[in-house]
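The following exercises practise the reading of strands, burial and contacts in a protein model. Please study the sequence and the structure before attempting each task.

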Amino acid sequence: MSINWNDGQLITLKQGDTATCTGNLNNGQLYCLFFYNAAQNDADTSVSVVWSNSQPPVQVVVPGTTGNQGLAALCFVDGSETNTVSAAVLQGSPGADIQAFIGSVKMPTNTQGIENRQLPLDGDRHSFNKFTRYYAVPESHWYAAQIQSDINQFIAVQFAEHQAEVMIVNKLVDPGNVIKYAGNSQSLVKINESTTQSIPWNLQGNGQQLVWINADSTQNSQSASITVQSLSNVYAEQA
């Protein structure tokens, strides 16, 4: 079956299905395809991501799980290299059941099934659930951010217009098996790792939107939170 994926919306890919986003990737914008294995078995499923007529597809292996509890596999795509991308589950994948959506500062434009909400930049902890997409437009000064989770290998992605930062809390193993890149997109992605239960970083607002998307499972997200706090008042007090 062919699926129209132009809105980057949450879809389900079964054996033999292909989803295509045609002409809707913007030049100068970085995207990530999020894949969750929803099959009721522990079998891994391979998804072929096609982004170029001259380059081979990217093979993304989505880890097997039971009860739709697995973490996401990610594939980054640079809109400056292509405006079209497709994802296919081959016919030789009986029982395949992949949930997928496209994330960026723009997508998905159809957020049905996605928990899409504005992130208050108030310094309070805000919970991450599965399929959570937070957005905010930080002002032009510094902020302190932190993701906290007591689960091993918790993953979330921060998107700016043409770059992304993958946050890995409680890192145990190399995440390379679930993070893939089309073309030269790897040069636009920073991996930020922590072996503890939190990962702090600073971000500088510039009046443009930032987006944070959870890339972990339902059970792993229940105790995870994100915090972003303005530092402008701190500097004002010091001055």
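Two strands are said to pair if DSSP finds at least two bridges between them. Helices (H or I, at least four residues) and strands (E, at least two) are DSSP runs, numbered from the N terminus. This is a predicted model, in which local features need pLDDT of at least 70 and side-chain atom pairs count only at pLDDT 80 or more, while totals for chains, interfaces and linings use all residues. Residues are numbered from 1 along each chain as its sequence is written, and side-chain values use heavy atoms, with hydrogens and water left out.

**Exercise 1.** Determine with which residues phenylalanine 76 is matched in E4 and E16.

Solution. Step one: strand E4 (residues 30-37) pairs with E7 in the antiparallel sense, over six bridges. Cysteine 32 is the residue that stands opposite phenylalanine 76 of E7. Step two: E7 also pairs with strand E16 (residues 179-181), here in the parallel sense and over three bridges. In E16, tyrosine 181 is the bridge partner of phenylalanine 76.

**Exercise 2.** Explain why strand E7 is described as largely enclosed.

Solution. Step one: a residue is buried under 20% relative accessible area, exposed over 50%, and partly exposed in between (1.4 Å probe, protein chains only). Step two: in a regular strand the side chains alternate between the two faces of the sheet. Step three: on one side of E7, Ala73, Cys75 and Val77 are buried, and on the other side Leu74, Phe76 and Asp78 are buried as well. Conclusion: six of the six residues of E7 (residues 73-78) are buried, so the strand is largely enclosed by the rest of the structure.

**Exercise 3.** Identify the residues with the most contacts inside the largest nonpolar core.

Solution. Step one: a nonpolar core is a set of buried Ala, Val, Leu, Ile, Met, Phe, Trp, Tyr and Cys residues joined through side-chain atoms within 4.5 Å. Step two: the largest such core has 53 residues, and Trp5, Phe35, Phe76 and Phe159 have the most contacts inside it. E4 supplies the largest share of this core, seven residues. Step three: a second, separate core of 20 residues includes Leu119, Tyr143, Ala156 and Ala224.

**Exercise 4.** Is glutamate 139 buried or exposed, and with which residues is it in contact?

Solution. Step one: glutamate 139 lies in the loop between strand E12 (132-136) and strand E13 (142-148). Step two: its relative accessibility is 54%, so glutamate 139 counts as exposed. Step three: with neighbours within four places in sequence left aside, glutamate 139 is in contact (heavy atoms within 4.5 Å) with Gly205 and Asn206.
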